Amino acid sequence: MFHSIFTPSVQHTLELAGIFVFAISGALLAVRKNFDVFGMAVLAEITALGGGLLRDLIIGAVPPAAFTDLGYFLTPLIATALVFFLHPQVERIQGAVNVFDAAGLGLFCVTGTTKAHEYGLGLTASVVLGLGSAVGGGVLRDILANEVPSLLRWDRDLYAVPATVGATAAAVCLRFDALNGLTSSLAVLLAFLLRLLAMRFHWRAPRAWNRRSTAADETSSV
């Protein structure tokens, strides 16, 4: 049985909050790309649910949770409606949205790792799927919007690294049979804080040593 970090009701509420914030980012990108309301809904749904959907399909947790819990499906639609009518106001609180997004990142990287391990995957594979759970939706969002995925762009603050650290912390706890509500929460907090620090100090991953590329840094102007 899938190990819950918190009580089932609390964890479900937190997951819906994370889904909502991820969906906001998808809908906002759709507005910037001048998509219609259907395009907004598609990007909101795929951003919020894409990572977990891919994880569940890989580990054989079918039907995926996104199709068995109506709240998972409806929450991105609520986010879409909010952005549709109030996107200028939502844009103005982007900083707050980013903080909640960081919290969702921390939660999903740990729950994804734990769920993958519960379905029989090894620790390394579980970490990979924990990372995928947290960032997969954003990658799919960017691909659908014809953008270079933020995950691959050197000019963006660290995102995958905090998720990887959180997932790895959960895997270490699993390895030593020490995963419980407290240690899981600490792993979530670790990923969350690393993401906040990355945004605050603009930490970025290094590019190739002695890089001699002639390609323009086109991503920095996007």
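## Buried charges, an exposed patch and the turns between helices

Both K115 and D56 are buried. Yet the two side chains carry a salt bridge, with 3.2 Å between the closest N and O atoms. The pair ties together distant parts of the chain: K115 sits in helix α5 and D56 in helix α2, 59 residues apart. D56 has another partner. R55 also forms a salt bridge with D56, and here the closest N and O atoms are 3.0 Å apart. R55 is buried, as is D56. Together, R55, D56 and K115 are linked in a network of salt bridges.

This is a predicted model. The average pLDDT of the protein chain is 91, and 93% of the residues score at least 70. One stretch needs care. Over residues 218-222, pLDDT stays under 50. For that stretch the model has seven contacts beyond four places in sequence. Where pLDDT is low, the predicted coordinates should not be read in detail.

Back to the charges. How many salt bridges does the count come to? The count comes to seven. One of the salt bridges joins R141 and D142, whose closest N and O atoms are 2.9 Å apart. R141 is found in helix α6, residues 123-144. Is R141 buried or exposed? R141 counts as buried because its relative accessibility is 13%, and buried means under 20%. D142 counts as buried too, at 4% relative accessibility.

What does R141 touch, leaving aside its neighbours within four places in sequence? The contacts are S25, G26, L29, L43, I46, T47 and S150. Helix α1 spans residues 8-32, and helix α2 spans residues 37-59. Look along both helices to find these contacts of R141: S25, G26 and L29 on one side of the list, L43, I46 and T47 on the other.

Now turn to the surface. V37, F38, V42, L82, F84, F85, L86 and L144 make a nonpolar patch of about 770 Å². Two elements give two or more residues to the patch: α2 and α4, the latter covering residues 70-92. Which element gives the largest share? Helix α4 does, with four residues. F85 is placed in helix α4. F85 is exposed because its relative accessible area is 63%, and exposed means over 50%.

Helix α4 also holds G71. G71 is partly exposed, with a relative accessible area of 22%. In sequence, G71 and T13 are 58 residues apart; in space, their C-alpha atoms are 9.9 Å apart.

Helix α5 runs over residues 94-118 and has 25 residues. From its first C-alpha to its last, α5 reaches 35 Å. That is close to the 36 Å expected at 1.5 Å a residue. L107 is found in α5. L107 is buried, with a relative accessible area of 6%. L107 and S9 are 98 residues apart in sequence, and 15 Å separate their C-alpha atoms in space. G120 follows α5, and the phi of G120 is positive, near 100°.

The loops hold some backbone details to check. Start between α1 and α2, where N34 lies. N34 is not a glycine, yet its phi is positive, at about 65°. Is N34 buried or exposed? N34 counts as exposed, at 70% relative accessibility.

Next comes the loop between α2 and α3, with α3 covering residues 65-68. P63 is found in this loop. The peptide bond that joins V62 and P63 is cis, with omega at about -10°.

The loop between α6 and α7 holds N146, and α7 covers residues 160-175. N146 is a residue other than glycine with a positive phi, near 60°. N146 counts as exposed, at 69% relative accessibility.

To retrace the route, begin at the buried pair K115 and D56. Add R55 to complete the linked salt bridges. Move to R141 in helix α6, and pick out its salt bridge with D142. Then go to the nonpolar patch, where α4 gives the largest share. Finish in the loops, at the cis bond between V62 and P63 and at the positive phi values of N34 and N146.

Conventions: Residues numbered from 1 in each chain as written. Predicted model: local features only at pLDDT ≥ 70, side-chain atom pairs only at ≥ 80, totals over all residues. Heavy atoms only, no water. pLDDT = per-residue confidence, 0-100. Contact = heavy atoms within 4.5 Å. Patch = residues over 30% accessible without salt bridge, like charges linked within 9 Å, V, L, I, M, F, W, Y side chains within 5 Å. Areas by Shrake-Rupley, 256 points an atom, 1.4 Å probe, with all protein chains shown as cover. Salt bridge = Lys/Arg side-chain N within 4 Å of Asp/Glu carboxyl O. Buried < 20%, exposed > 50% of the residue type's maximum accessible area, 1.4 Å probe, protein only. Expected span 1.5 Å × (residues − 1).
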